[in-house]
Amino acid sequence: KLAESYKEIKLMNATKDKFFSIISHDLKAPFNGLLNLSELLYEQYEDFDNDKRKHFIKLIYESSKTTFDLVQNLLTWSVSQRKMIAYRPEHFSINQIISENVILLESQAHKKEISLTKDCGGETSILGDKNMISTVIRNLISNAIKFTQKEGTVEIGVKTRHGVSQHEIYVKDTGIGISEGKISQLFGIEHNCTTKGTEEEEGTGLGLILCKEFVEKNGGKIWVESEVGKGSSFMFTLPIRK
């Protein structure tokens, strides 16, 4: 019991440290960007031509989107830590969820001239929590784009493995890859795996932690295969349920 209590306290402290790290650093950077760019545009508006103004507005938009994504992940994670996210299974099309998230993230890929494709094969119906699975897919695609250089490729697909009664969803990219030593730390709250993307995109490191929690709530498992300089493949399984 003492060992279990110690482990629980250690996890609580890691969770608290992660939360304050996000508030003090990860959210501070994009907010600073918003404030500085807005102030510059406001004070020197007349000094800039239209192209320069459009450039600043674009930077403000991108910083706003980054901030929104960070806050969204932070809120979802916060709710999950309080055990307030209920598991609500329903039958849904995994192909539809993939298509919706590809459409949602196409503009993010387009900005980096990344080819974002899907390979879903036949129609695949899944019994699980639709919102959780959508969050997992969105985070994995967004991460793949974030860590892939310009003109790279990101592919998402689904395979049905009838022999083991599982659906396997994968997101693979031609990005920068992950070192072997860091792979084991990706899904743990006690490790600080916040890393900037290929174009200095910010993150909280919460996305993959959420992915692991949500996949496991749906009876599956998640893992990654990667090679530095060649890219990564994130995969997760979901059981075939009638």
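This passage walks through the fold, the nonpolar cores, two helices and a few individual residues of a predicted model.

Starting with the overall layout, the chain holds 7 helices and 7 strands. Taken in sequence order, these elements run α-α-α-β-α-β-β-α-β-β-α-α-β-β. The chain has 242 residues, and 39% of them count as buried. Among contacts with a separation of 6 or more, 73% come from residues 24 or more positions apart. As for the surface, about 14,000 Å² is exposed, with carbon and sulfur atoms supplying 53% of that area.

Now for the inside. The largest nonpolar core has 37 residues, and the members that touch the most others are Ile-94, Ile-137, Leu-140, Ile-141 and Phe-236. Helices and strands both feed into this core: α4 (94-111), α5 (130-146), β4 (153-161), β5 (166-173), α7 (207-217), β6 (222-227) and β7 (231-239) each put in at least two residues. The biggest giver is α5, with 8 residues. Apart from this core sits another one, made of 6 residues, including Leu-34, Leu-37, Phe-56 and Ile-60. Back in the largest core, Leu-140 is a handy residue to click on. Setting aside neighbours within four places in sequence, Leu-140 is in contact with Val-171, Leu-208, Cys-211, Ile-222, Phe-234 and Phe-236.

The helix that carries Leu-140 deserves a look of its own. Helix α5 is 17 residues long and covers 24 Å from first C-alpha to last, close to the 24 Å expected at 1.5 Å a residue. Of those 17 residues, 12 are buried, so α5 is largely enclosed by the rest of the structure. The buried set includes nonpolar residues such as Met-132, Ile-133, Val-136, Ile-137, Leu-140, Ile-141, Ala-144 and Ile-145. Ser-134, Thr-135, Asn-139 and Lys-146 are also on the buried list. At the N-terminal end, Asp-129 acts as the cap of α5, with a side-chain oxygen 3.2 Å from the backbone nitrogen of Asn-131. Past the other end comes the loop between α5 and β4, which is where Glu-151 lies. Glu-151 has a positive phi, near 65°, and is not a glycine. With a relative accessible area of 62%, Glu-151 is exposed, given that the cut-off for this class is over 50%.

Helix α4 has a story with a kink in it. Its 18 residues should span 26 Å at 1.5 Å a residue, and the end C-alpha atoms are indeed 26 Å apart. Even so, α4 bends by about 45° at Leu-105. Leu-105 is itself one of the buried residues of α4, along with Ile-94, Asn-95, Ile-97, Ile-98, Asn-101, Val-102, Gln-108 and Ala-109. An α-helix has 3.6 residues a turn, so residues three or four places apart point the same way. In α4, Ile-94, Ile-98, Asn-101, Leu-105 and Gln-108 are among the buried positions. At the start of α4, a side-chain oxygen of Ser-93 comes to within 3.4 Å of the backbone nitrogen of Asn-95.

Not every α4 residue is covered, though. Ser-99 has its place in this helix, and with a relative accessible area of 22% Ser-99 is partly exposed, since buried means under 20%. Ser-99 and Thr-117 are 18 residues apart in sequence, and their C-alpha atoms are 9.6 Å apart in space. After α4 comes Glu-113, placed in the loop between α4 and β2 (115-119). Glu-113 has a positive phi of about 55° although it is not a glycine. Most residues other than glycine have a negative phi. At 47% relative accessibility, Glu-113 counts as partly exposed.

One last stop is Ser-232, which is placed in strand β7. Ser-232 is buried, with a relative accessible area of 5%. The side chain of Ser-232 pairs up with that of Ser-226 through a polar contact of 2.7 Å. Neighbours within four places in sequence aside, Ser-232 is in contact with Val-171, Lys-172, Asp-173, Gly-177, Ile-178, Val-224, Glu-225 and Ser-226.

Conventions: Residues numbered from 1 in each chain as written. Predicted model: local features only at pLDDT ≥ 70, side-chain atom pairs only at ≥ 80, totals over all residues. Heavy atoms only, no water. Core = buried A, V, L, I, M, F, W, Y, C linked by side-chain atoms within 4.5 Å. Buried < 20%, exposed > 50% of the residue type's maximum accessible area, 1.4 Å probe, protein only. Helix = DSSP H or I, 4+ residues; strand = E, 2+ residues; numbered from the N terminus. Contact = heavy atoms within 4.5 Å. Expected span 1.5 Å × (residues − 1). Bend = angle between axes of the 7 residues up to and from the residue. Polar contact = N/O pair within 3.5 Å; in protein donor to acceptor, adjacent residues only side chain to side chain. Areas by Shrake-Rupley, 256 points an atom, 1.4 Å probe, with all protein chains shown as cover.
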